[in-house]
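Biologist: Could you take me through one helix in this model up close, and then show me how the rest of the chain fits around that part? I'd like one connected story rather than a list.

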Amino acid sequence: MRILILGPQGSGKGTQAKRIAAVYDVPHVATGDILRGAIAEGSELGRRVEPILERGDLVPDDLMVDLIRERLADEHGFVLDGFPRTVPQAEALDAMLEEIGKPLDVVLLLEVSDDIALERLLERRAEEGRRDDAPDVIRNRLRLYHGLTEPVVARYHPMLHAVDGELTVGEVFAAVEEALGQVAVVRLQPEPGSSLDSDPERVTR
Ligand code: AMP
């Protein structure tokens, strides 16, 4: 399955994406994790993006698109978390997937208020010490989410499954599984007159 998970910082995307990856056997591709990994390694990419992440700004679209193109090149399925964050990134992703004839199966949106997002990110700061979870940086990140990423949410509106992200982790995952189950069931329905294709790979990858 090719799954996109959208939602503001602090909506629980990472937590849910990890569970989806484990249950549906797809890789969790999180652009924030990839960039933090590059910074930790001290690679050229890491050195370039470090000040951008510290300010809570966005890494330029062309760099992100190249990174995702390379990361997804050999994947049949994935749960994508943190990308696309802008309309040009979404256009590039759709074009990339269309080119290889593998469109997205489902787009999930985790909805939380800014107050809850801020509260959760400050808690995470205390637990994990992420430097971009400082109050001023969080405000910048949420501002960019509303300005640049909400139009991406609007773009996927026709195929969006919105889930209340303020529920508990287990409750949110139950709603996510329901949304993914609907897609899997639809994909298992044979076309009238066609041979039944019940290859589990089609459902899980
Ligand atoms: P995240 O862990 O998804 O909150 O990402 C952490 C930071 O990485 C963001 O605040 C951005 O600076 C950068 N980043 C991650 N994904 C993207 C993206 N798709 N486009 C631009 N910047 C990104």
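**A close look at H3**

Modeller: Let's start with what H3 leans on: its buried residues pack against helix H2 (31-41). Keep in mind throughout that this is a predicted model. The residues doing that packing are Gly46, Val49, Ile52 and Leu53, the buried ones of H3. They sit on the same side of the helix, because the arc they cover around the axis is only 130 degrees. That fits a general rule: an α-helix has 3.6 residues a turn, so residues three or four places apart point the same way. Turn to the other side of H3 and you find Glu44, Arg47 and Arg48, which are exposed. Just after the helix comes Gly56, with a positive phi near 80 degrees.

Now zoom out to the core. H3 (44-55) is one of the elements that give two or more residues to the largest nonpolar core, and others include strand E1 (2-6), helix H5 (87-99) and helix H7 (135-155). The largest share, six residues, comes from H4, though. That core has 30 residues, and those touching the most other members are Leu6, Leu80, Leu93 and Tyr156. Leu6 is worth a click: beyond its neighbours within four places in sequence, its contacts include Lys13, Pro84, Val107, Val152, Tyr156 and Leu160. There's also a second, separate core of 19 residues, with Met1, Tyr24, Leu108 and Val183 among them.

The ligand is the next stop. It has 16 residues around it, of which Thr31, Arg36, Asp57, Gly82 and Gln89 come nearest. For Thr31, an N or O atom of the side chain is 2.8 Å from a ligand nitrogen. Arg36 has a side-chain N or O atom 2.9 Å from a ligand oxygen, and for Arg85 the partner is a ligand nitrogen, at 3.0 Å. Taken alone, the ligand exposes 480 Å², and the protein buries 95% of that.

As for the whole chain, you're looking at nine helices and five strands, running β-α-β-α-α-α-β-α-β-α-α-β-α-α from the N terminus. Of the 205 residues, 42% are buried. Among contacts with a separation of 6 or more, 72% are between residues 24 or more positions apart. The accessible surface comes to about 10,700 Å², and carbon and sulfur atoms hold 52% of it.

Technical notes: Residues numbered from 1 in each chain as written. Predicted model: local features only at pLDDT ≥ 70, side-chain atom pairs only at ≥ 80, totals over all residues. Heavy atoms only, no water. Core = buried A, V, L, I, M, F, W, Y, C linked by side-chain atoms within 4.5 Å. Buried < 20%, exposed > 50% of the residue type's maximum accessible area, 1.4 Å probe, protein only. Helix = DSSP H or I, 4+ residues; strand = E, 2+ residues; numbered from the N terminus. Contact = heavy atoms within 4.5 Å. Arc of directions from axis to C-beta. Areas by Shrake-Rupley, 256 points an atom, 1.4 Å probe, with all protein chains shown as cover. Near = heavy atom within 4 Å. Polar contact = N/O pair within 3.5 Å; in protein donor to acceptor, adjacent residues only side chain to side chain.
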